[in-house]
Each structure stands twice: as C-alpha cells, then as structure tokens.
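Trainee: I should like to go through the reasoning behind the labels used for this model. Please show the sequence and structure before we begin.

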Amino acid sequence: MPASSLNAEILKQDFPLLGRTVRGGKKLVYLDSGATSQKPTQVLEAERDFYENHNAAAHRGAHQLAEEATEAFEGAREVVASFIGAQTREVIFTKSATESLNLVAYSLSAAESPIQWRPGDEVLLTEMEHHANLIPWQELSKRTGAHLRFIPVTDDGELDLTDIDTLINEKTRILSFTHASNVLGTVNPVRRLADLAHAVGAIVVLDACQSVPHEAVDVTALGIDLMAFSGHKMLGPTGVGVLWGRFEILESMPPFLTGGSMIEVVTLESATYSLPPKRFEAGVPNMAQAVGLAAAIGYLQDVGMHAIARHEEDLVTSAIAQLETMPGVTVLGPAGPRGGALSFLVDGIHPHDVGQVLDDDGIAVRVGHHCAWPLMRRFGVAATTRATFYLYNTHEDVTSLISGIRRAQEFFGTSS
Amino acid sequence: MNLEKMYQEIILDHYKHPQFKNLAPMVSGGVEVHHINPTCGDEVTLRAQVVDGVIESVTWDGLGCSISQASTSVMAGLAQGATVENALELTAQFLLLMQGKGVSTDADEILEDGIAFAGVAQYPARVKCALLGWMALKDAITREPGEINE
Ligand SMILES: Cc1ncc(COP(=O)(O)O)c(C=O)c1O
C-alpha cells in the first residue's frame with residue numbers, strides 16, 4: 001500500500017455518523033461523498049456554538065449579539081476567501097452551488113446585465129455538465145435567444161478539444177464548465193479553456209463542486225471569472241454554498257434575489273443596491289451554516305489539501321486497478337490523472353441492482369444518472385454505479401466495494 | 001430483510017425471461033404510452049389494445065433494473081385478456097402492496113406472481129421501479145384509443 005500522509009482510520013473517528021451500522025448491523029462503508037460528505041464533530045460544534053452563544057441577525061441591530069453574529073459571519077467569509085485565494089469582498093454566500101449558478105445565469109440575462117445580448121450570441125458548455133450547470137443556461141437561452149453549444153466528450157471521458165477554435169469564437173459570450181466531473185472523475189484543463197475564452201471576450205464560469213472539496217484551488221491561478229461550489233460536499237453543513245467572482249465582474253452584475261440587506265437607499269418607487277458581496281445576499285443570511293463551513297475549511301486545512309488529494313488518488317487508483325481485473329466490469333472515464341468520482345458498469349446487472357446488493361453489505365454508493373442525463377446518453381447507458389472517495393475512506397473500504405461487486409455478480413449469476 | 005427476500009426467485013425469473021417484452025405493431029385503436037422514472041432514467045414503452053372494455057393485448061419494451069423489468073413483465077401477464085375494470089383493481093392492489101399498506105385477503109390470488117414484490121415495499125427507493133410498468137398500464141387503458149403519448 002503506498003504511503004499517504006493522512007491516516008483515514010484516525011480521521012474517521014471525528015465523524016460520528018461513520019461509526020454507525022446499517023441494514024441490520026452492517027458496518028457502514030460510505031462511498032457517496034460526491035453527493036454529500038459527512039460532517040466532523042468540529043463542524044457540528046461550530047454550528048451549535050453559534051446558535052448557543054452568538055445567534056442574532058447579522059448586519060442589523062445595535063446590540064452585542066448582533067455584533068458577534070456579524071463578526072462570525074464575516075469571519076467565515078474571510079476563511080473561505082483565503083481558502084481559494086480570493087479577496088474577502090469577492091465571496092458571496094448562497095444556499096448552494098445550484099443557487100450560485102442560477103444567480104449568475106439570471107443576473108447575466110437580466111435587464112441590466114453587463115452582457116448586451118445580440119442575435120447569434122453563444123453560450124458554451126460541455127456534454128459532461130451536472131444539470132445544475134446546464135438548465136440555468138437553457139433558461140438563459142430562452143430569455144436572451146443565445147444559442148447553447150457544447151464541447152463534446154471523448155470515449156475516454158475527456159473533453160474533445162479538436163474543434164475548440166471554432167467552438168470558442170467571437171460570438172461566445174459565456175463559457176461555463178465543470179472543473180472535475182461528478183460522473184467520470186475527469187479533471188478539465190481550466191486555465192487553457194479560460195485563456196481561450198478570454199481571448200474572445202467571454203466570461204468564464206467554473207463549477208467547482210467536485211474540485212474545491214478535494215484539492216487546493218486558487219482562483220487567480222485558474223484565470224476564471226466566476227466560480228460556484230457547495231459547503232455540504234466539503235464537510236460543511238447543508239444550506240450554504242459559495243459564489244466567488246472577480247470583483248469587477250460582480251460589481252457589473254445586477255442582483256438576483258432582492259430584499260433586505262442588499263440595498264443602499266430605498267423609496268417606494270426604487271432602490272439602489274449595495275456593492276458586492278452584499279448585493280447578492282438578500283435577507284438574513286445563513287450565518288450558522290457559513291460558520292460551519294468555515295470550521296469545515298479549518299478541518300480540511302489542518303489535514304492538508306495536498307494530503308487529501310494524494311490520499312484520494314491513492315484510493316481511486318487502487319480501486320480502478322482492481323475493477324479492471326474483474327471480468328464484466330467496465331470503468332468509465334479517464335485512466336488518470338483524475339478526480340475521485342468512479343463510475344462503472346457491471347455486465348448484465350443494472351446499477352440499481354448493483355447498488356442494492358452493495359447496500360445489503362452496508363456499502364453506500366450512488367446509482368442512476370447522477371444529474372448528468374445528457375452525459376449518460378453520450379455513453380449510451382441509462383445509469384451507472386458510482387463510488388466517490390474522501391479523506392475518511394480507507395483501503396479497506398475499497399476492498400469492501402470490490403467484494404460487494406463480486407457478490408452482486410454471484411447473486412445475479414453473471415460471474416464467469 | 002435480506003437480499004434473497006427482496007429478490008424472490010420469481011422476480012429473477014421474470015427479469016431473465018421477461019414476458020410480452022416485444023412491442024406488437026400499432027393497430028388502429030391501439031394506445032401507446034412512454035413512461036420514465038426521472039430519478040433513475042428507467043423507461044418503459046407500452047402498447048395496449050382495448051376492445052369493448054377488455055384488454056386484448058399488452059406489449060412493452062423498456063430499459064431498467066431487475067425490479068422494474070420483472071414487475072412490468074408480471075403486469076403484462078396479468079393484464080392480457082383482463083377487463084379494464086379488473087386491471088385497474090389489480091393496479092390498485094399492487095399499489096397498496098408497494099405502499100406496505102396491507103392488501104385484501106385474496107391478494108395472493110389476484111396478484112399471482114405480483115405478490116413476490118411485497119419485499120420491495122421495505123426499500124422506498126425501489127418502489128418507483130416496481131410501479132413503472134403498472135403506472136404505464138393504468139395510463140394506457142384509461143386513454144382514448146388511438147392516442148400515442150409521451
Ligand atoms: C459537478 C456538480 N455541480 C453541481 C452540483 C450541485 O450542487 P448542489 O446540489 O449542492 O447545489 C453538484 C452536486 O451534485 C455537482 O456534483
């Protein structure tokens with residue numbers, strides 16, 4: 001077993017849920033962190049501490065608690081900013097990555113959008129997008145008349161950049177794509193695509209849901225304009241996501257949700273809006289969740305993002321190597337280097353049935369189309385079984401997965 | 001609850017040898033429906049021919065897991081030659097079975113192989129799979145003849 005500089009067995013003890021059993025006393029093997037991660041005690045305690053000791057509406061009220069709540073919320077913003085190499089004022093708290101992407105697509109097609117949409121304009125996406133980075137653009141296309149185009153995916157699960165010079169052209173106004181595929185594990189060449197898109201004046205949006213939790217991400221180095229990710233996939237609470245944007249871009253964008261907290265002056269007829277980030281945070285914000293997310297980032301940083309990335313690579317490499325020796329099992333996606341999402345097919349057994357047998361052994365995987373239905377069609381399958389790994393997974397978990405798949409083959413009589 | 005209880009032999013048999021899984025050509029007065037389970041992408045196309053309140057034929061094609069395929073196969077067997085009224089009653093019984101609500105005392109008799117799916121009710125995520133073909137049937141036999149519907 002190659003050495004990795006984190007001890008998952010020990011980290012696991014910080015996650016109360018990972019100690020439970022399922023399906024009549026089976027030890028839980030959680031391989032679904034790509035859908036949502038489990039939470040360490042440190043995060044749960046941070047949220048609880050906020051409610052027990054500092055809860056009040058941030059940015060309102062003259063009392064001490066309101067000050068403390070504001071400090072806690074704004075402190076969380078600083079933590080997120082430094083985690084991704086951004087300025088604090090560039091970090092917007094949303095409810096999720098889905099909301100962040102909707103915010104961008106709505107704002108960039110609103111009446112006061114910085115983009116003056118013209119007939120024939122194009123928005124470029126890829127065939128491997130999660131529905132959250134597809135449907136908001138379909139809606140934008142209805143509002144603006146923009147034409148959606150897609151970078152195709154090769155049989156190996158990589159972006160096919162053969163025609164990239166025509167796909168990115170002077171009509172391209174927005175390029176939005178995923179950093180790492182939630183289905184195939186593919187890691188896309190962000191800098192290269194961003195530079196090409198910038199050369200034609202397009203705005204570059206990155207879906208970083210499957211990268212920020214797993215590797216060190218620096219927004220400046222990536223050369224992008226806007227980026228979305230979710231707290232719950234990186235040990236943080238549900239109900240908090242992030243939209244990062246270069247300040248000049250954010251400053252040029254009209255608000256998405258409107259109401260309290262995001263205004264400068266309001267009359268009965270009209271209102272003027274605060275500068276970012278507040279312009280995009282209408283209402284009493286998700287303070288406890290932001291505090292929990294900051295605690296999650298603290299936890300990830302203590303373990304070390306490089307150690308986490310190396311650990312997951314180790315697990316996924318070992319899992320692929322073992323899957324590839326199994327008759328009737330096909331791994332989708334690139335051989336490597338790749339992210340930790342591992343989709344596979346088992347001949348003659350539908351993913352639902354694979355998942356059911358694994359579940360019977362206490363192994364939690366995701367089955368289905370993974371909110372990437374067009375990508376499933378691209379590969380001519382209705383669904384896949386997907387295992388995803390995180391810092392608390394062990395080589396023993398990989399072994400359980402492999403024997404679970406073998407059991408499914410025996411159960412359905414497809415093993416040769 | 002263990003795997004063997006859920007995946008009864010009958011279910012695995014129907015999965016491996018699905019009945020009526022071969023779309024009959026559309027004839028005038030026939031109905032075709034297409035149903036999708038949006039959480040997993042499983043799909044079924046079903047053609048039914050109803051004459052004077054009697055289901056003369058049900059054929060289908062589909063893509064999906066063992067539960068959805070086997071359940072559609074069982075459904076098609078039960079529906080052949082049944083009256084629309086009986087088929088709707090069967091569907092209602094099967095739905096009750098899936099909701100774990102207890103079925104009428106003669107359920108074994110009327111649901112025949114369908115009773116093998118009782119264990120599926122223990123797995124809420126799979127209930128929709130078991131219902132896919134049945135819901136397609138219900139849709140098809142309550143439509144006007146000649147409709148082709150997505
Ligand atoms: C690549 C990708 N984008 C977007 C999302 C949406 O994230 P959320 O559901 O947290 O808004 C997900 C989560 O499933 C994802 O994996």
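Trainee: What makes the meeting of the side chains of Asp353(A) and Arg126(B) a salt bridge?

Mentor: The model is a predicted one. The N to O distance between the side chains of Asp353(A) and Arg126(B) is 3.0 Å. The rule asks for a side-chain nitrogen of Lys or Arg within 4 Å of a carboxyl oxygen of Asp or Glu, so the pair qualifies. Across the interface of chain A and chain B, the rule finds 1 salt bridge.

Trainee: Which elements give two or more residues to the side of chain A that touches chain B?

Mentor: They are helix 12 (351-360) and helix 14 (395-411) of chain A. Helix 12 gives the most, with 6 residues.

Trainee: How is the size of an interface often given?

Mentor: It is often given as the accessible area lost when the parts come together. Here chain A and chain B bury about 1600 Å² between them, with 59% of it on carbon and sulfur atoms. His352(A), Gln356(A) and Phe411(A) supply 35% of the area that chain A buries against chain B, more than any other three residues.

Trainee: Why is the pairing of Asp207(A) with a nitrogen atom of the ligand called a polar contact?

Mentor: A polar side-chain atom of Asp207(A) lies 2.5 Å from that nitrogen. The cut-off for a pair of N or O atoms is 3.5 Å, so the pair counts. Lys233(A) also places a polar side-chain atom 2.7 Å from an oxygen atom of the ligand, and for His130(A) the distance to a ligand oxygen is 3.1 Å. The protein covers 87% of the 390 Å² of accessible area that the ligand has on its own.

Methods
Residues are numbered from 1 along each chain as its sequence is written. Chains are lettered from A and ligands numbered from 1 in the order in which they are written. This is a predicted model: local features need pLDDT of at least 70, side-chain atom pairs count only at pLDDT 80 or more; totals for chains, interfaces and linings use all residues. Side-chain values use heavy atoms; hydrogens and water are left out. A polar contact is a pair of N or O atoms within 3.5 Å; within protein, one must be able to donate a hydrogen and the other to accept it, and residues adjacent in sequence count only if both atoms are side-chain atoms. Accessible areas come from the Shrake-Rupley method with a 1.4 Å probe; for residues, only the protein chains shown count as cover. Buried area is the accessible area (1.4 Å probe) that two parts lose on being put together, summed over both. Helices (H or I, at least four residues) and strands (E, at least two) are DSSP runs, numbered from the N terminus.
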